[in-house]
Amino acid sequence: MKISYYPGCTLKTNAKNFENSAIAVARKLGVELIELTRWNCCGTVFSLTDDDLIHNVAPIRNLIRVEEMNNNGLINNDKRLLTLCSMCYNTLKRANLRVKENPDDLEKINDLMYLEENYEGEVEVLHFLELLRDIGFEKVRENVKNPLKGLMIAPYYGCMLLRPKEVGIDDPEGPTIQEELYLELGAEIIDNPYKKVCCGSYQIIQDKYVVSNLAYDILTHAKDAGAEAISLSCPLCAYNLDSIQKEVKEKNPQFVEMPVFYFTQLMAVAFGLDTEVFGFDLNYVDPRPLLNDKNLLGRNNEE
Amino acid sequence: MKNKDESNRKLDAGKIMDRIAKASEQIVSGVKDEEVENWVTIYVMGRAYKVPADLTILTAIEYAGYKFLRGCGCRQGFCGACSTVYRKKGEYKLQTGMACQTRVEDGMFLVQIPFTPAEKASYDIGKLNYNVNSLFQYYPELARCVSCNTCTKACPQDLEVMDYVQAGIKGDFKELAEKSFDCIQCGLCAIRCPSELVQYNIAQLGRRLYGRYDSPEPEHLKKRLQEIQEGKFNEVMEKITQISIEEMEKLYTEREREEE
C-alpha cells in the first residue's frame, strides 16, 4: 500500500531518527510512505484567532499537494495524508476541519492561492499511530522478532495527539493507543497520570526552566512508577523531555537521566531491523545502555 | 588619501552613468517622432507621458526625460538594479518586474525602486555550523513564513521563492541553493513579503553554507585565488583602469571568448 506522507521540517533535521525508523517499520508492514513531492511548513501551530485565516494557508496548501499526488498517479486514489509529528498532525487536521466546517474560509483561502488548484476538502489527515490501529496491532505483533521483554515503557501523549477531542486520535482523558502498540511489541507498560501533561511546548524558547520543571515532574513520576524509558510521537515533546535533561540535572543533581524513544524506534528494535535505522545518536540520552542491559541490541534478527 | 579616492570614485560613477546613457541614446532619443507608428501613454509617478510602444519601462522613463542615477544598472536583466513596481489601468493588482526586461503597455503606472534597505547579516562563513540553526540564528524571521507564495509571484526571475524558503526551513541546503541559484537580488520578494523575510539574503547565506561545507573545493579556483593574492593581475588591473573608453571597447570586442 502506498500512502501520501507529510514529514514536516523537524523530521528532516533534529528528528531524522523518527523519520528513518518510521519509514523502515512501515515498509516492514507493507506500507510505502510516499513523501509529498512538494511541501511547506505545516504552519507549526494552529491559530486560535477567529479571523487569522492567513495562518491556515500553509496547512491547506499541503493538503492540495495530496490531491496533486493523486492526480499525478504517484498515489492511487487515496486522499489520506500520513503524518508522524504530533504537532504537524494537529495543525493540518485542525485546519482541514476548519475549512470543511466553514466553506467561506475555504473560499477565501482558495482565492488567495489562485495559482493552485482549489482545495476541495477531500483529504483525511492521519497519524501513523492511527494507521497502525487500522492495519491492526496483531499485524504488528506478527513482525516482532525481538520482543521488548522486560522493558518498562511509560507512554507519553502530550497534548497534540489528543486535544481538542475533535481531532484527537484517542480518548483525551484515557488514551490507550500507545499502550496497545507497546504490549504487542512485548514491552511492559507503566501507566502514570503525567502522560497527558503538557511538556511546555514552545515555552522552551521563552524560558527553558518552565520546561525543565515540567520535564522533571513528568520524568520523575514515570520513573517512580517504575518506568525505564519514555516513548512518544512528537519531536517538540522529545526535545522538551530528552535534551532538557541536561538542565533538569543541573537543577536537581540527584536526577538520573532516562531515555526518550520515538514509538517507531521501539518498533524498529522489536522488528529486529538494521541498527542504522534506529538513529540513536540523535537521542540526547543514549538509550543503548538500557537496551543492552535488556539484551535487546546487537541481535540483528532480519533475515 | 582614502577620502580623496572615494570622492574620485563617486565622480567616476557619475561619468559611468553618463557613458551608459550615451551608449543607449539611439534607443531613447534618436527616434524621430514621425517615424513612430504606435504610441502608448504611461504614468511616471502619476504624471502622464506619451512614449513609443516598443520601449522597455526603463527606456520609456528615459524617453520621458528622466535620468537614472539609481534604479538602473546593466540593462541586460542580470544585475537586479532596476526593480520596478507597476499597475495597469483598471486593475487593482500591483505587479513587479525588471524595468529593463518589461515592455511598456498603455496605461501603466510606473515607479522605480532605487534601493531595498533590507537586513543583511554579517557572519564568518568558516565559523558557522552547517545546519538549519545557522539560518535561524541570522534570520530568525525565517520561521514566520506563512507559505502565502507572495514572494514567488513577485519574482521577475520566475523562481519558486517560497519553495526555496521552505527548503531552508527544513534544512535542505541543496534544494535551497539550486532553487535560488538564478536570483539577481533585486529585492522585490522582500518588499512584498507580509512576514517580512529577506528571502534573497537568506538564500545567499544558504548558498554560501552549501558551497563552503557541502561542495568540493574547485582546484582551478584555489589556484586562481592564489595567483590573485600573489599579485599576478595587479599590473593589468592598473592598466585597464587607466585606459580610454575607445581602447576599452576595442579590448572588449577583441577579448578571448569560449566557443558558443
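The following exercises, with worked solutions, concern salt bridges and a nonpolar surface patch in a predicted model.

**Exercise 1.** Determine whether the partners of the salt bridge between A:D105 and A:R98 are buried or exposed.

*Solution.* Begin with the contact: the closest N and O atoms of A:D105 and A:R98 are 2.8 Å apart. A salt bridge requires a side-chain nitrogen of Lys or Arg within 4 Å of a carboxyl oxygen of Asp or Glu. Next, take the accessibilities. A residue is called buried when its relative accessible area is under 20%. A:D105 has 13% relative accessibility and therefore counts as buried. A:R98 has 12% and is likewise classed as buried.

**Exercise 2.** Establish which parts of chain A are tied together by the salt bridge between A:K208 and A:E247.

*Solution.* The two side chains meet with an N to O distance of 3.4 Å. To place them, note that A:K208 lies in helix α9 (residues 208–224) of chain A, while A:E247 lies in helix α11 (residues 245–251) of chain A; the pair therefore ties together parts that are 39 residues apart in sequence. As to accessibility, A:K208 is partly exposed at 36%, whereas A:E247 is buried at 11%.

**Exercise 3.** Locate B:R144 and B:E196 in chain B and classify the accessibility of each residue.

*Solution.* First, the side chains of B:R144 and B:E196 form a salt bridge, at 2.9 Å from N to O. Secondly, B:R144 belongs to the loop between α4 (132–138) and α5 (150–154) of chain B, and B:E196 to the loop between α8 (188–192) and α9 (199–214) of chain B; the pair thus links parts that are 52 residues apart in sequence. Thirdly, B:R144 has a relative accessible area of 44% and is partly exposed. B:E196, at 51%, counts as exposed, since the cut-off for that class is over 50%.

**Exercise 4.** State how many salt bridges the structure holds over all chains, and name the members of the network that includes A:R38.

*Solution.* The count over all chains is 32 salt bridges. The network links A:R38 with B:E160, B:D163, B:E175 and B:K179. Its members thus come from chain A and chain B.

**Exercise 5.** Identify the residues and elements that make up the nonpolar surface patch on chain B.

*Solution.* The patch, of about 360 Å², is made by B:M237, B:I240, B:M248 and B:L251. Two elements of chain B each give two or more residues to the patch: α11 (234–242) and α12 (245–253). B:M248 has its place in helix α12 of chain B. With a relative accessible area of 34%, B:M248 is partly exposed; this value meets the requirement of over 30% for patch residues.

Note on methods: Residues are numbered from 1 along each chain as its sequence is written. Chains are lettered from A and ligands numbered from 1 in the order in which they are written. This is a predicted model: local features need pLDDT of at least 70, side-chain atom pairs count only at pLDDT 80 or more; totals for chains, interfaces and linings use all residues. Side-chain values use heavy atoms; hydrogens and water are left out. Patches are made of residues with over 30% relative accessible area and no salt bridge: like charges are joined within 9 Å, nonpolar side chains (Val, Leu, Ile, Met, Phe, Trp, Tyr) within 5 Å. Accessible areas come from the Shrake-Rupley method with a 1.4 Å probe; for residues, only the protein chains shown count as cover. Helices (H or I, at least four residues) and strands (E, at least two) are DSSP runs, numbered from the N terminus. Buried means under 20% relative accessible area, exposed over 50%, partly exposed in between (1.4 Å probe, protein chains only).
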